[in-house]
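Please open the structure in your viewer and set the display to show both backbone and side chains. The tour below proceeds by selection, one stop at a time.

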Amino acid sequence: MQAEIRYRPSFATVFVELSGQDRIVAEADAMASMSTNLGIDTHLSRSFFSALGKKFFGGESLFVNEFYVESGQQGELVLTQNTPGDIVAIELNGGGICLQPGAFIACTSGIELKTQWAGFKSMIAREGLFKLYLCGKGKVWFGAYGGVVEKQVQGEYLVDTGHLVGYEPQLQLKLQMAGGVFSSLFSGEGLLSRLQGNGKIYLQTRCLQGLASWVNPRF
């Protein structure tokens, strides 16, 4: 399998060349185009109840699509995301990554998708009751609104809740106010996620909630 991310960072798109026994699993609405010789299997992303949790509480689709070469030697698959922004590809070698709702785009067949309890603090931060956890061996593609900033956390780090895209599972998240009650209510910062431990995080440079709050009063 050969994959390349093009049109970065504003309109990133994944171009995948599948051959032989290659298979790739993608979100139900991620496919932009594909060769006519590719086949597609649609199935629940997990068991029925886990898939329901992924859909209604994790912000992802109930179903996923699995693409493969149905005939011929190879075929092209083009994957994208709903928002303008960058796409990141990472390689997992037995480890895992936690993704915020809507970030997941695709993964190779050696990756397992799980839904994990994120807690009520995550719901208060408008990130859902559950988080998507990917683990195994293979490649994962996920997207962001805007550019992507990769940062290594050592100790503690504060992130606005709308800018956190993904993080390594050994990191602990706690929700807190941006400052005192007055500052949190009137500074525009609201709630922050405090990440604790040592691990890598991925941030997006734009926030959909911020865009919505800017657009809504103008319509």
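The stops that follow pass through strands, a buried valine and several ring contacts. The model is a predicted one.

**Stop 1: the four-stranded sheet**

Select strands 1, 2, 7 and 4, which form an open sheet in the order 1-2-7-4 with antiparallel pairing. Its edges are strand 1 (2-6) and strand 4 (31-34), each of which pairs on one side only. On average, neighbouring strands in this sheet are turned by 20° against each other, direction ignored. Strands of a sheet pair through backbone hydrogen bonds, either parallel or antiparallel.

Now restrict the selection to strand 1 and strand 2 (residues 13-19), an antiparallel pair with five bridges. To find one of the bridges, pick glutamine 2; its partner in strand 2 is glutamate 17.

**Stop 2: the rings beside this pair**

Keep the view and display the side chains of tyrosine 7 and phenylalanine 15. Their rings form an aromatic pair of the edge-to-face kind, with 6.0 Å from centre to centre and 75° between the planes. Are these two residues buried or exposed? Tyrosine 7 counts as exposed because its relative accessibility is 53%, over the 50% cut-off. Phenylalanine 15 has a relative accessible area of 13%, under the 20% limit, and is therefore buried.

Add arginine 6 to the selection. Its charged end sits over the ring of phenylalanine 15, at 4.0 Å from the ring centre. Phenylalanine 15 thus takes part both in the aromatic pair with tyrosine 7 and in this contact with arginine 6.

**Stop 3: strands 3 and 9**

Select residues 23-27, which are strand 3, together with strand 9; the two pair in the antiparallel sense over three bridges. Strand 9 covers residues 104-108, and five of its five residues are buried. Within this pairing, alanine 26 has alanine 106 of strand 9 as its bridge partner.

Next, show arginine 23 and tyrosine 68. The arginine lies over the face of tyrosine 68, at 4.4 Å from the ring centre.

**Stop 4: strand 15 and its partners**

Select strand 15 (residues 191-204) and strand 12 (residues 148-160), which run antiparallel and are paired over 13 bridges. One place to look is glutamate 150, whose bridge partner in strand 15 is tyrosine 202. Then add strand 13 (residues 164-167), joined to strand 15 by three bridges, again antiparallel. Here tyrosine 167 stands opposite isoleucine 201 of strand 15.

**Stop 5: valine 153**

Centre the view on valine 153, in strand 12. With a relative accessibility of 1%, under the 20% limit, valine 153 counts as buried. Which residues does valine 153 contact, leaving aside its neighbours within four places in sequence? They are Leu171, Leu195, Gly197, Asn198, Gly199 and Ile201. For glycine 199, the C-alpha to C-alpha distance to valine 153 is 5.3 Å, although the two are 46 residues apart in sequence.

**Stop 6: phenylalanine 142 and tyrosine 202**

Finally, select phenylalanine 142 and return to tyrosine 202. The ring centres are 5.2 Å apart and the planes stand at 75°, so this pair is edge-to-face. Phenylalanine 142 belongs to strand 11 (residues 130-143) and tyrosine 202 to strand 15, so the pair ties together parts that are 60 residues apart in sequence. Phenylalanine 142 is buried at 1% relative accessibility, and tyrosine 202 is buried at 5%. The count of aromatic pairs comes to two.

Technical notes. Residues numbered from 1 in each chain as written. Predicted model: local features only at pLDDT ≥ 70, side-chain atom pairs only at ≥ 80, totals over all residues. Heavy atoms only, no water. Buried < 20%, exposed > 50% of the residue type's maximum accessible area, 1.4 Å probe, protein only. Pairing = 2+ DSSP bridges. Axes fitted to C-alpha atoms, helices over the stretch in contact; angles between N-to-C directions. Contact = heavy atoms within 4.5 Å. Phe/Tyr/Trp six-rings, centres within 6.5 Å; stacked < 30°, edge-to-face > 60°. Lys NZ or Arg CZ within 6 Å of the ring centre and 35° of its normal.
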